[in-house]
Amino acid sequence: MKSFKIKIFVFGLTALMVACDLDYEQNPNETNNPPTTGLLNDAVKKMMDDFYDEWFQGRFTLVGMQYWTQTAYADEDRYVYRESQRETWEDFYANLENLRKVIYLNSNEETMVENSQYGSNENQIAVARILMSWTFNIMADTWGDIPYYSYGSDDPDFQALQVADSEEEILSPVYATQSKIYEDILNELQDAESMIDVDALGVQADNIYGGEDEQMALWKKLANSLRLRVALKIRGINPSLADSHIADALSKGVFTSNAENAGFIYESSDVNASPFYRAFNVNNRTDFAISHPFCQLLLGNNLVDHNGVDITANPFFGTEDPRLEKFAIPNRDGNYVGMPVSENSADAGVYPWESSPGDDIINKPDYSQSLIEFAEISFILSELNGWDQTHYENGVRASMEKWGVATSEIDAYIAALPPANEENVLTQKYIALYMDAHTAWQEYRRTGYPHTLILPGTDFSVTPVPGTTIDYTFSSLVEGLTDIPFRLQYPDFERTLNGSNRSEAVSRLSNGDVLDSKLWWDVN
């Protein structure tokens, strides 16, 4: 798509959001009316790459939530992020534009009949709306107020993606407020679920549920399951809205087994392999390891300070989690050892004992990356039902089965678990959200769990091998930050491209455009 890339280069993000019409006329080798199959396939593949690659997930949310630690670069582990990570914003809007184009081509009278061969128009529109809702939810969770687009609402503040085939072009879209965005996301998911016709032609180029016998019924369950996630998040700030959507989503049906998990399966070839396979095996990256806090949690240990005194209380103390051998690879000595957050990159580079992420993650090109799973739904249901034991155990079992843990090991682990309560359920949810670190970050901000993370200013000690203990202090590189970040700063190019609207959004943040400004729903 040469002309598309040219427009990004010349006009930047705002033009991409509001003026990009995918002008294929400038390229004689490309069609003026791209099939919706190509647009949808391209959008989903790139969305998964952008959200779950080594930069946005690997060096941002995976290290932020202390699932991983970097072995060569310590800055992001201590909350100094690169501008290129913030600029992923631009890629997200490019993917959203392709999804908006799918909606347009299936609703415009001149193109909808032709594109109905790729799936009923309504089903294609519904799938695009669900994927847009999933994307905008992550973006709003990351930055707060953002330019937003809605298919079903005519709210004048929803000005993103107003392009040449719309009634008007808006070159400087306002940043919609989070309260409006999340309410509309819930409505979009609800309307998209109702829009799906399970008896009509399914959607081609569907890399999530394509090929399944009940493809569109599963998309309905995905919409309801995502609605459950979003509604629970805002329940602390808008309980009536949240509870109405929770009740409706449950009545219409959410995931009931791992067979319904929403996952994108990458290909076996290096070109279309999973992001971390490419990072480790194509680009020869070796700079990620399982973190010390996460490894100790799975080993059933507490973290200790320089005097050997416990600084965390592992709710599963004394019980080793069999998922550890799936989540990590034994180190050179055959042991599972986590990587501590070092004071600087030089120190990180000489720590020789760390365990790398698991084989399925870094050495399997056709790894399946989940958008949302039954395990998460089970933990949500446990919470909604007063920390229910059955749903709690269902969540643990679903997570372990998904990772391929043997049934006998699952049964033994569940039998050893302490009973369901807030900390136990939410800590198990954190474990189950491994490789969906953004959702785990959302959950930490919403609930304050897990309590097993090392926060800035904490002294801790690591004993990687018997007889060798190393003392550390976790020092944030961001002055005054005493917790993990609550949000990511806006990309710098927005100061130039959409300065006044950006400034208005910043003025609504509690501390300005900084990492410790809490989002609207973060009332914990």
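Which side chain does the side chain of Ser 150 join in a polar contact of 2.8 Å? The partner is the side chain of Asp 184. The model is predicted. This briefing covers the second largest pocket, the cavities, and the surroundings of Ser 150, Tyr 118 and Asn 121.

**Ser 150**

- Ser 150 sits in the loop that runs between α7 and α8 (178-195).
- With a relative accessible area of 7%, Ser 150 is buried, because the limit for that class is under 20%.
- Besides the polar contact with the side chain of Asp 184, the side chain of Ser 150 reaches the backbone nitrogen of Ser 153 at 3.1 Å.
- Once neighbours within four places in sequence are set aside, Ser 150 is in contact with Phe 158, Asp 184 and Glu 188.

**Tyr 118**

- Tyr 118 is placed in the loop between α6 (112-115) and α7 (121-143).
- Its relative accessible area is 16%, and Tyr 118 is therefore buried.
- Not counting residues up to four places away in sequence, Tyr 118 touches Pro 35, Thr 36 and Thr 37, as well as Gln 124, Gly 202, Val 203 and Gln 204.
- From Tyr 118 to Gly 210 there are 92 residues in sequence, while the C-alpha to C-alpha separation is 12 Å in space.

**Asn 121**

- Asn 121 belongs to helix α7.
- Asn 121 counts as buried because its relative accessibility is 10%.
- The backbone oxygen of Met 112 is reached by the side chain of Asn 121 at 2.9 Å.
- Met 112 is also among the residues that Asn 121 touches when those up to four places away in sequence are not counted; the others are Asn 106, Asn 115 and Ser 116.

**Second largest pocket**

- The volume of the second largest pocket is about 430 Å³.
- Its lining consists of 21 residues, and those nearest the centre of the pocket are Gly 263, Ile 265, Ser 368, Ser 370 and Lys 402.
- Strands β2 (262-265) and β4 (368-372) each supply at least two residues of this lining.
- The largest share of the lining comes from β2, with three residues.
- By class, the lining of the second largest pocket divides into seven nonpolar, seven polar and seven charged residues.

**Cavities**

- Seven cavities of 30 Å³ or more are found in the structure.
- The largest cavity has a volume of about 120 Å³.
- This cavity is lined by 16 residues, with Ser 370, Glu 373, Ala 432, Tyr 434 and Asp 436 nearest its centre.
- At least two lining residues of the largest cavity come from β4, and at least two from α16 (374-384).
- β4 gives the most to this lining, with five residues.
- The lining of the largest cavity has eight nonpolar, three polar and five charged residues.

**Elements that recur**

- Ser 370 is one of the residues nearest the centre of the second largest pocket, and Ser 370 is also listed among those nearest the centre of the largest cavity.
- Strand β4 supplies residues to the lining of the second largest pocket and to the lining of the largest cavity.
- Helix α7 holds Asn 121, and α7 also bounds the loop of Tyr 118 and the loop of Ser 150.

Key. Residues numbered from 1 in each chain as written. Predicted model: local features only at pLDDT ≥ 70, side-chain atom pairs only at ≥ 80, totals over all residues. Heavy atoms only, no water. 1 Å grid on protein atoms, 1.4 Å probe; cavity = no way out; pocket = protein on both sides within 12 Å on 5 of 7 lines; lining within 4 Å. Points joined across faces, edges and corners; volume = space filled by probe spheres on them. Helix = DSSP H or I, 4+ residues; strand = E, 2+ residues; numbered from the N terminus. Nonpolar A, V, L, I, M, F, W, Y, C, P; charged D, E, K, R; others polar. Buried < 20%, exposed > 50% of the residue type's maximum accessible area, 1.4 Å probe, protein only. Contact = heavy atoms within 4.5 Å. Polar contact = N/O pair within 3.5 Å; in protein donor to acceptor, adjacent residues only side chain to side chain.
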